[in-house]
Amino acid sequence: MKKQHTFLQKEISRRSFITTSAKAAAGFYIVPRHVLGRGFTAPSDMLNVAAIGVGGKGHDDLGGLSKGTTNIAGLCDVDDRQAKWAWEKWPKAARYKDFRRMFDQEKGIDAVTVSTPDHTHAVAAMAAMQLGKHVYVQKPMTHDIYEARKLTEAAKRYKVVTQMGNQGGSYDGVRRMKEWYEAGLIGAVNRVECWTNRPVWPQGVPSPTGKFDVPAELDWNLWLGTAPQKDYNPAYHPFNWRGWVDYGTGALGDMACHIIDQPYRILGLGYPSEVECRVSSVYGDFFKESFYNEGFPAASVINLTFPRAGKKDLKLNWYDGGMKPERPDWVGPNEKMGGWDGGTMMIGEKGIIMCDILSEHPRVFPESLREAAEKVPVTLPRVPEGHYIQWIEGAKAGYGKTTLSSSFDFAGPMTEAILMGNLAIRSYNNQVKTGNATDYPGRKKLLWDGANMKITNYDEANQYVRRTYAPGWSI
């Protein structure tokens with residue numbers, strides 16, 4: 001919580017005014033609140049934030065951060081068209097296209113937001129953390145499993161305050177669901193079903209073709225960053241990059257941090273031990289399987305197994321591209337299954353806890369459990385300030401002083417677990433290309449050694465644990 005202060009009213013003599021003015025000019029003096037008066041924030045209480053990626057989701061992130069006691073000190077975007085609105089809103093902020101140059105020249109930055117395409121998350125966040133800057137990184141935290149592990153370790157090494165941008169982790173819904181679960185309302189949970197309507201961009205389609213001029217406002221080489229060299233194509237930028245493996249993480253990467261967050265958090269999950277997938281090039285249809293090396297499929301089902309000490313293994317099933325889980329008997333024919341864009345079900349021995357994405361509209365089934373659910377006491381602290389302000393206040397307090405909803409010690413392992421699904425998809429694509437799989441019964445279940453980040457039964461799949469960056473980039 002923000003520290004409360006007492007405002008003192010007092011006269012400032014001409015001599016003290018001259019003295020303090022001289023100290024301020026020399027750079028030694030911080031103006032106290034009692035000089036500024038009520039309604040003003042002392043410079044010492046402002047968090048100087050730089051934003052990397054200000055179009056798209058960066059627009060939302062800057063909006064959330066500007067509600068706190070922040071000074072938007074730097075703005076970085078490779079495309080002036082995407083950044084135009086931010087240039088106009090914060091005309092005094094320093095402007096850059098390359099975040100590395102910004103870090104070299106802007107020494108007063110305290111914290112950084114990263115709202116770029118997924119393939120740039122890790123290099124931008126790592127560069128900031130190495131300079132001791134707190135970071136807020138959009139979901140998924142990283143493009144690759146290896147990157148997630150390294151950023152998790154770096155947050156502890158450099159003692160910076162971190163938050164991943166899955167804002168549902170700060171909502172009341174997930175805390176209420178945890179209270180229900182811990183009260184034993186639905187008994188032991190051994191199966192979880194998660195689904196989304198994504199993708200809403202092209203996936204499962206052939207690689208784009210054609211020759212296009214690079215827009216004058218765009219630095220295409222900087223946009224590519226860690227990815228292989230490729231000609232500019234509007235099929236990749238500014239939005240549809242999510243569907244291509246070099247830049248995005250598909251429907252799973254876009255939505256799973258909002259949807260898997262609840263069971264991962266509530267059930268205390270760790271690294272999965274097994275992963276398997278089914279894929280299709282047609283939205284909502286598994287009868288037409290077709291694979292494209294550069295892109296993610298139009299639809300997929302991913303099956304993850306999580307070992308749990310002293311408990312039965314938990315099965316977590318993910319569905320996207322129009323696929324949904326079977327309706328359990330406890331959920332009546334007229335009941336909504338999740339929300340319009342997806343949902344989560346934790347299926348227990350005595351009932352089900354369900355919610356929409358972001359843990360919204362939590363409810364229990366069967367209906368006979370609802371009276372008992374209302375009587376479960378509220379025991380967990382809520383986050384009334386919200387996800388962004390929680391990070392701002394945490395950064396001002398300093399490393400280890402507060403607990404955040406999605407700091408990297410939580411978000412990192414969850415991101416690794418989620419990205420196992422994409423590892424399975426890309427592994428199966430490789431099996432198809434090499435002739436090792438022809439239909440569903442022939443594809444491999446992958447066995448995962450989480451501690452060592454290694455597939456133990458199909459070495460070819462390990463190439464997808466960690467990318468090879470383009471020359472000049474590293475973490």
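In α10 of this predicted model, the buried residues are G250, A251, L252, G253, D254, M255, A256, C257, H258 and I259. The helix is thus described as mostly covered, with 10 of its 10 residues buried, and α10, spanning 250-259, is also one of the helices that each supply at least two residues to the lining of the largest pocket. The points below take up that pocket, then the second largest pocket, and finally a buried glutamate in helix α8.

**Largest pocket**

- The largest pocket has a volume of about 800 Å³, and its lining is made up of 41 residues.
- Nearest the centre of the largest pocket lie G56, K57, S115, W241 and R242.
- Besides α10, the helices α3 (57-65), α6 (118-130) and α9 (220-224) each contribute at least two residues to the lining of the largest pocket.
- Sorted by class, the lining of the largest pocket comprises 17 nonpolar, 13 polar and 11 charged residues.

**Second largest pocket**

- The second largest pocket encloses about 350 Å³ of space.
- This second largest pocket is lined by 16 residues, of which R175, R265, T403, L404 and S405 are the closest to its centre.
- Two or more lining residues of the second largest pocket come from each of α8 (172-182) and α14 (408-433), and the largest share, 3 residues, is that of α8.
- By class, 6 nonpolar, 4 polar and 6 charged residues form the lining of the second largest pocket.

**E179 in helix α8**

- E179 belongs to helix α8, an element that also gives residues to the lining of the second largest pocket.
- The relative accessible area of E179 is 3%, and because buried means under 20%, E179 counts as buried.
- The side chain of E179 makes a polar contact of 2.6 Å with the side chain of R382, and it also reaches the backbone nitrogen of T379 at 2.9 Å.
- When neighbours within four places in sequence are left aside, the residues in contact with E179 are V376, P377, V378, T379, L380 and R382, a list that includes both T379, whose backbone nitrogen is reached by the E179 side chain, and R382, whose side chain is joined to that of E179 by a polar contact.

Notes
Residues numbered from 1 in each chain as written. Predicted model: local features only at pLDDT ≥ 70, side-chain atom pairs only at ≥ 80, totals over all residues. Heavy atoms only, no water. 1 Å grid on protein atoms, 1.4 Å probe; cavity = no way out; pocket = protein on both sides within 12 Å on 5 of 7 lines; lining within 4 Å. Points joined across faces, edges and corners; volume = space filled by probe spheres on them. Helix = DSSP H or I, 4+ residues; strand = E, 2+ residues; numbered from the N terminus. Nonpolar A, V, L, I, M, F, W, Y, C, P; charged D, E, K, R; others polar. Buried < 20%, exposed > 50% of the residue type's maximum accessible area, 1.4 Å probe, protein only. Polar contact = N/O pair within 3.5 Å; in protein donor to acceptor, adjacent residues only side chain to side chain. Contact = heavy atoms within 4.5 Å.
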